[in-house]
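User: I'd like to go through this structure and ask what stands behind each term. Could you keep the cut-offs in view as we go?

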4 protein chains.
Amino acid sequence: MSYGKIFLNLKQTNLSNWLQYTQHEFLKQLSQDTLKKDCFFNYLKQDYLFLIQFSKAWSLAVLKSDNLDEMKISASTVNDLINFEMQLHIDLCEEYGISKTNLEGNDEKNENIAYTRYVLELGYSGDFLDLLSALAPCVLGYGEIGLNLKNFKPDNPMYKKWIETYASIEYQDVCKNVAQLIDNAFLLRLGKNYNDTYKWMQANKIFNKATLLEVDFWNMALK
Amino acid sequence: MSYGKIFLNLKQTNLSNWLQYTQHEFLKQLSQDTLKKDCFFNYLKQDYLFLIQFSKAWSLAVLKSDNLDEMKISASTVNDLINFEMQLHIDLCEEYGISKTNLEGNDEKNENIAYTRYVLELGYSGDFLDLLSALAPCVLGYGEIGLNLKNFKPDNPMYKKWIETYASIEYQDVCKNVAQLIDNAFLLRLGKNYNDTYKWMQANKIFNKATLLEVDFWNMALK
Amino acid sequence: MSYGKIFLNLKQTNLSNWLQYTQHEFLKQLSQDTLKKDCFFNYLKQDYLFLIQFSKAWSLAVLKSDNLDEMKISASTVNDLINFEMQLHIDLCEEYGISKTNLEGNDEKNENIAYTRYVLELGYSGDFLDLLSALAPCVLGYGEIGLNLKNFKPDNPMYKKWIETYASIEYQDVCKNVAQLIDNAFLLRLGKNYNDTYKWMQANKIFNKATLLEVDFWNMALK
Amino acid sequence: MSYGKIFLNLKQTNLSNWLQYTQHEFLKQLSQDTLKKDCFFNYLKQDYLFLIQFSKAWSLAVLKSDNLDEMKISASTVNDLINFEMQLHIDLCEEYGISKTNLEGNDEKNENIAYTRYVLELGYSGDFLDLLSALAPCVLGYGEIGLNLKNFKPDNPMYKKWIETYASIEYQDVCKNVAQLIDNAFLLRLGKNYNDTYKWMQANKIFNKATLLEVDFWNMALK
């Protein structure tokens, strides 16, 4: 598996936090079928509210794009998230007994607010690279988690399906496109000596912070 | 033809400017086959640059949405504009001998900057209603123009095709969806006595200004 | 004491959360001299980072203003926060043995991120009323706390000074100006039947959420 | 006179447009006392509306700042513009027979909209360097014009005063502070080989476009 060289570089520099996130207790329990159903439902409900804000953050990527290629990938990501993923999420929750009304009536937990507003505010205040650095941990982290857990087959069909979703060829393709977008965007703006620039230092700070906010999102679900 | 009651109301209040825009000399010449080819090419080139910024403005509509329905229509509009309309525009220009490189190499004229940045800045500074009031004249005005010119059949195939595009069922459907979005958004936020509110006064100012900036866009093309 | 009718109305509607915030354990301990020094230092360090983001949020108030009066108050608040308050904060911390370098080197805790980014993102995505509803709990809450604790005279000079700052005539004047700004802004935009509008419902949600994020900020300091 | 090395570099690269702006016919007429009073009044009225938007653009500089020093200069510039310059402008216009009500009742001309919204939108979409590149032509150009025209003493006291304002030590100090802010901001972010970066290319495009929009602003006043 490879999600591009920029991501690899960001991940390596912030590896211990990255592993905290991608090998979190929540995921261990999920893959080993020991996760409490309530924790998973907690997660699903917050994740619905998360997706709304996350789609908005991707809309900022359209605004911060410098060329048509960047706009195209960003726009189709926004559209996929809002017109397909969210519907899937709603359908899945329905199947598990959580109605759309229930989903919409929930209040965002503070850990959720911290993460989504951090990314969104950065999307407004920062540039395309700042925003991509904040979006990367979620998109590509879930891809990596999907592959990590691929061979686990928990009996609970909800957990099995969750793993399959992120291990699927469709989701892995999304990851490859986003990784390519990230590689191209960094090289275009910072050149091949990118890791010797002020922006690169900023990108690392942001990537690292977003990763820690992902850790806290799992913590929230386990509470 | 009807594009909803809010649009009708906005249009009636600003009717003389609206007619300046939708019955502009540029359109008379185009429909009567007397428009100089260079003016049309001017227009096509600036319109390509316009579409980039206009798609970005629609991305702000996703960010300013208050619910999933608003997000869905806004997101699919962004995606249609960027992943379909712009490609159509590029293909059409190619057919007329204007290469993609030529399109991208052009400089935005000041009239183009005035209009697009007015809408975009308002999308950032204002709320969903402000933004819709600025987007409406372009989307719905072109729909109305398409219908107005439907029965003109200029010999010049470029002009004929242009009219057909905006008179088409596909484009008229876009207009109906946007009109519905506008009606719902105003009623949700301002209630049925909407025309007795501060926001309504603002919406009219914005709609009127955007209409005048459209007039100037045609003027630019004729220069 | 009175900070205007809009604030009073917002506070009454969300009273139990409001009291959780303004009568928080942190404040009890501070006023009764039982607060651990480390907790207070925690607070001071995070508050420095908070002020940076809070000043940025007030800058958005300049951008979202609809007239010169609104711009004037917002601009002078930004300037006061950045060119005076922050210097005072730095000097005070210096006096307590926390250097400027120390202050700047600290990492924002997640509770701090949640609050500041919530307000900032709302400042970007929302309108003037949304932003004021998010700013009010901090500005006016501290004013109310200052008055509440006015007669407590903790021995610890740091705690005494903290209370005096927010009980001072200078700070109370800031509160009165902001309260007036809020009253005028709501009446201008929503009219005298403001509490019968969609925006008023939104304002209450935001005010309430910001209040809860303030509660979490105190919780963070006590950890 | 020297306004820092970044500005000098930007100016040299775009020199012919720069001279179109700083040696514009409007300025020749003003310095030689041949400018029609109506043209000057046109300018004053549009400049009032310009200042409102320009102050808002400087507020975005606070939001896009990366450190306290950048925030301080930006915040005091916002405050000076709104709480002092605009009052001066109002008082001056009053003296010339243009009431505050008259000033506020004017409609922004399209050339004014093009310039201010271009800068503001870029302040939202771009980063600190993009924004400074768009703000520089106005702030520093007026400084340079003030010095260029210093020895002209038109009989018309309005023209004489206008020149004196921008040639004054106070205004020249503003220019020096802004120039220093620009130099520091570019060096911090791009390093000493700044002119070999993608951002530098962008900065030049923006500086050049803003300069041309200034030219059009003078053209508007002469119409």
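User: Which residue of chain B comes closest to the rotation axis?

Analyst: That's B:Ser59, with its C-alpha at 2.7 Å from the axis. Before going on: this is a predicted model, where local features need pLDDT of at least 70, side-chain atom pairs count only at pLDDT 80 or more, and totals for chains, interfaces and linings use all residues. Residues are numbered from 1 along each chain as its sequence is written, while chains are lettered from A and ligands numbered from 1 in the order in which they are written.

User: How do you know that chain B and chain A are related as by a two-fold rotation axis?

Analyst: Copies are superposed by least squares on the C-alpha atoms of residues with pLDDT of at least 70 in both. Here a rotation of 180 degrees, with 0.0 Å of shift along its axis, puts chain B on chain A at an RMSD of 0.0 Å. The two copies are thus related as by a two-fold axis.

User: What makes up the side of chain B that touches chain A?

Analyst: Contact means that two C-beta atoms, placed from the backbone, lie within 7 Å. By that test, 16 residues of chain B meet 16 residues of chain A. The elements giving two or more residues to this side of chain B are α4 (37–64) and α5 (68–95), and α5(B) has the largest share with ten residues. Helices here are DSSP runs of H or I, at least four residues long, and strands are E runs of at least two, numbered from the N terminus.

User: How do you know that chains D and C meet through the same surface?

Analyst: 100% of the interface residues of chain D are also interface residues in chain C, so the surface is the same for both copies. Chain D goes onto chain C by a turn of 180 degrees and a shift of 0.0 Å along the axis, with an RMSD of 0.0 Å. D:Ser59 has the C-alpha nearest that axis in chain D, 2.7 Å from it.

User: Why does the radius of gyration of chain A agree with a compact globule?

Analyst: The radius is taken over C-alpha atoms, and the globule rule is 2.2 Å times the number of residues to the power 0.38. For 223 residues that gives a value near 17 Å, and chain A has 17 Å, so the two agree.

User: What share of chain A is called buried?

Analyst: 48% of its 223 residues. A residue is buried if 20 or more other C-beta atoms, placed from the backbone, lie within 10 Å of its own, exposed if 12 or fewer, and partly exposed in between.

User: How many helices and strands does chain A have?

Analyst: Eleven helices and zero strands.
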